[in-house]
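Colleague: Please put the model up, and then I will ask about burial, the core and one of the sheets.

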Amino acid sequence: MNKLVFIFQVITNIVFAIENTSVFENTQFLDKNNYYQNVDQIMKQKYYEINKNNTQRERFMQQNSQTYPLRITYDIFRENDQQITEELEVYIGSLLDTAFSYYQSLLSVKQTDQNNTFYLKELNNCLGFLIKSDDFVTGIEESDLHLYVSFKYSDSDLIASAGHCYIDPFLQRPTFGRILLNLSYFQKINRTNLQFFRDLQSIMHETLHILGFSTASMNYWIDPETNEPYTFKNVHKILKQKMLNDREVSEISSTNIVKTIREYYGCDSIEGMLLENQGSDYTKNQHWERSILMNELMSGSSNPEGGVFSLFNIALLRDTGFWDVVDENLANPIYWGKNQGCQFYENKCQADLKYDEFEDIDGIFDCSYTGEGFGVSQTDPFSDDCPIIYPTDSQLCINYEQNQQINEIGNISQNNLMFNFSTQSRCFKSNISIDNSAASFADVRCLKSYCNEEGTQVTIQIDQLQMILVCKEEGQTLLVENGIKTYGKVICPKSFPRFCSSFQNICPQFCSKNGYCVKGKCHCNKGFFGDDCSQSCSELNEEGQCTIKCPPGQYINPDITCQNDCPQGYFKNVQTKTCEKCHFSCSKCNGPTNQNCLDCHLLSYLQNNTCVTDCGEGYFQNKQFQKCQKCIEGCLKCSNDKICQECDGQNGYIQYGNLCKNTFCDLQCLTCEQDKKDKCTSCVQNFYLDKTQQTCQDRNNCPQGYYSDQEKRECVECDEGCLQCKYSSDDCQSCDETKNYTLFGNKCFQLINCFSPCKTCLDDSSSIKCATCINNYYLQEQECVEQCSIGYYLHENKCKKCSQNCESCINFPDNCLSCPQDKFLSNSKCYSKCMQGQIWVNGFCIDRPVTSYNLITKNRALSARNNQFQLLILCLLFLISLI
Ligand SMILES: [Zn+2]
């Protein structure tokens with residue numbers, strides 16, 4: 001350690017994290033176990049001392065309500081023999097800066113005016129990294145979290161490893177951490193935009209371990225019941241071991257995580273979020289379980305399509321109790337297992353139901369779940385024996401940097417198969433080709449596509465044909481043809497929300513190594529701008545951001561471009577002409593301040609323009625609209641607007657079935673106007689509110705022109721022209737003839753003047769219809785005809801419909817003259833023909849005594865199976881041609 005060469009120490013407001021392409025932690029890379037055992041011993045004493053005199057801490061917490069973005073500082077060290085080119089230095093610097101600026105936006109804390117000091121003098125190292133004495137004497141200025149970044153050469157496929165090394169007992173959050181980068185890995189990689197995007201996710205992943213996602217830090221998470229750390233003694237309250245399908249598994253069951261997963265999977269019986277149960281000690285129990293949450297950032301291994309920083313990590317960071325604000329607006333959407341229910345969570349691919357997340361067996365060739373590529377299904381070391389489609393790099397539609405160079409795919413020209421590789425390209429089931437040579441290639445294509453803002457429509461752009469296709473329905477089949485030639489077909493995505501969510505996670509050009517991607521928009525690092533952050537600015541403002549002025553009506557977006565609109569989670573600040581972040585509790589807001597919420601995040605509900613988790617007395621959570629809704633009058637506690645659990649006794653309400661009755665009001669009123677006991681506003685059971693009189697009437701006593709509506713428990717007015725209706729406003733029984741209304745079916749129509757052969761007509765707003773006919777014409781379905789059509793018979797000068805049984809009839813509806821094709825006539829009645837193998841005997845169909853029927857079906861089944869087998873062979877051939 002004494003050979004360290006100091007590269008640069010940046011005291012910026014930045015932070016970071018890491019891991020690797022295939023497996024995230026590695027036992028040999030950073031020995032955490034020993035360290036944490038020692039730290040835990042020392043920390044016990046420190047927490048004890050702090051807690052002895054807790055008033056100081058309480059005072060600090062009360063006096064400082066204001067929170068500020070987390071300031072992350074870091075030092076990078078390398079040893080003499082560690083060669084780093086200038087280009088690599090820039091690459092790694094940008095990785096760290098980007099990851100830390102992400103967490104700086106995500107997390108806010110209360111600040112102290114003291115330097116961030118490493119108080120573990122007894123240890124003098126941060127996860128094995130020797131700390132210079134300044135850091136535990138004077139400390140680091142303007143820092144909430146300080147990280148030591150260093151390098152190591154390792155042949156393993158690991159990218160990085162990280163952990164916290166000190167949790168401040170006074171601030172009760174991690175204040176120091178270490179990141180170790182694998183220099184062999186960073187020297188080896190092609191530093192493309194996609195590679196940066198993946199490495200950034202690795203650094204973000206590692207940083208999240210430092211910020212609280214590790215079993216080592218769970219002892220220090222704050223128990224909301226006591227406001228104290230759980231400690232080793234109580235950590236079992238949130239970290240549980242159990243057996244699930246013969247596997248020993250661990251679950252995190254802290255409050256927000258449990259609420260989130262129940263809502264996400266749609267299963268109210270889940271007790272905790274499963275942690276990875278496979279892999280080494282450093283992967284196992286330190287990540288989300290792969291099979292129930294595959295493409296999450298905190299999955300046990302990276303995957304080719306990348307990981308999503310999702311609401312699961314938000315819930316976890318909230319549950320640590322370390323961070324005062326965790327801004328859910330920085331989370332990206334995830335769909336794996338969403339709304340799939342308890343079966344999915346418990347049994348994954350082994351469940352009785354078939355899920356799109358998994359294939360039945362290894363070796364199936366298809367588009368991947370996210371649609372970002374295609375590939376062959378395989379069971380990975382973490383997927384609990386479930387086969388999942390994993391694209392290789394050359395099978396990734398979004399891997400434009402590598403794949404645009406390739407001219408052929410599976411021995412066929414890319415152009416011929418109309419492949420397109422870009423950050424806007426996704427995998428579709430399709431067999432299109434320019435010259436129909438596609439028969440030897442499997443039915444998948446990478447095609448450029450776009451979702452509309454609502455995610456209700458997918459547009460596909462085929463450059464080779466200069467053609468645009470629009471998917472309006474999920475799973476729709478679109479024929480690709482231009483009037484001269486047919487090129488094949490494209491099948492629209494099976495689920496638009498899932499398909500479109502991928503566009504939220506992948507930004508243009510992966511933000512060109514200069515920013516991170518949230519909900520499809522790049523957030524550029526200081527000094528860069530453009531929708532893909534590819535341009536560096538000529539002029540910087542005091543904060544190091546590009547100086548930019550927008551024309552009237554436009555606003556500066558997070559990617560420092562001028563747009564007419566702001567992205568989701570932002571509102572237009574008319575004064576500064578900037579898109580400003582909504583309050584962290586709102587998912588949508590419209591200004592003038594950041595707290596004018598329009599929509600809320602998953603576990604919160606809109607109430608008077610703010611988002612709350614508890615709607616308060618007299619309200620319930622309307623989950624469908626994510627709003628707080630008032631309980632019925634006089635109710636203190638309810639879970640919907642139909643059933644009250646507790647009535648407001650203090651104000652004279654008593655329980656009345658599922659409702660509350662105001663005891664002050666007249667007998668039949670459930671509720672009434674204030675101080676007017678006979679002016680009802682709602683009625684007791686079996687009575688209906690007559691709003692005109694504010695009285696309650698029994699079922700048959702609603703005023704004329706009204707009916708008693710069971711659901712609303714009110715007298716509801718019948719439709720116009722109707723004097724008497726029964727079950728609904730348009731279920732009319734008599735019409736107002738004084739105003740020329742007449743009853744047809746159960747509706748009232750107004751008679752109007754009309755032309756021959758109609759004598760009188762009805763106005764039903766859409767068209768004019770006959771009510772009566774002139775002489776020698778007969779009324780049939782509101783038309784006047786000279787002769788009844790087939791299927792109608794003449795009765796009292798009107799053509800009436802025959803029964804469904806007859807094709808034609810006379811005098812009576814079921815007095816048949818002829819029968820439909822599948823029936824035959826006998827004694828003016830129509831009978832069904834007998835099934836194959838049966839004969840008609842005395843009005844019944846009976847089995848024919850001898851039959852060859854069984855033999856026929858058997859043969860048919862056999863040939864169907866042969867077809868399947870041939871298909872399988874074809875698929876295998878496709879695969880071979882791909883390799
Ligand atoms: Zn990890």
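Modeller: Buried here means under 20% relative accessible area, with a 1.4 Å probe. Keep in mind that this is a predicted model.

Colleague: What share of the residues in the protein chain is buried?

Modeller: The protein chain holds 14 helices and 66 strands. It has 883 residues, and the cut-off of under 20% is applied to relative accessible area. The buried share is 48%.

Colleague: Which helix gives the most to the largest nonpolar core?

Modeller: That core has 111 residues, and Y103 and Y265 touch the most other members. Ten of its residues come from one helix, residues 86-106. The helix is α3.

Colleague: Which domains each give at least three residues to this core?

Modeller: The core draws on two assigned stretches, 4-211 and 228-394, with at least three residues from each. These are domain 1 and domain 2.

Colleague: Which strands stand at the edges of the open sheet that contains β4?

Modeller: The sheet has three strands in the order β2-β4-β15, with antiparallel pairing. An edge strand has a single partner, so one side of it is left without a neighbour in the sheet. That applies to β2 (68-69) and β15 (325-326).

Colleague: What angle does the direction of α3 make with that of β4?

Modeller: β4 covers residues 107-109 and pairs with β2 over two bridges, with Y68 opposite V109. Helix α3 packs on this sheet and touches β2, β4 and β15. The angle between the directions of α3 and β4 is about 60°.

How values were computed: Residues numbered from 1 in each chain as written. Predicted model: local features only at pLDDT ≥ 70, side-chain atom pairs only at ≥ 80, totals over all residues. Heavy atoms only, no water. Helix = DSSP H or I, 4+ residues; strand = E, 2+ residues; numbered from the N terminus. Buried < 20%, exposed > 50% of the residue type's maximum accessible area, 1.4 Å probe, protein only. Core = buried A, V, L, I, M, F, W, Y, C linked by side-chain atoms within 4.5 Å. Domains from an automatic or database assignment. Pairing = 2+ DSSP bridges. Contact = heavy atoms within 4.5 Å. Axes fitted to C-alpha atoms, helices over the stretch in contact; angles between N-to-C directions.
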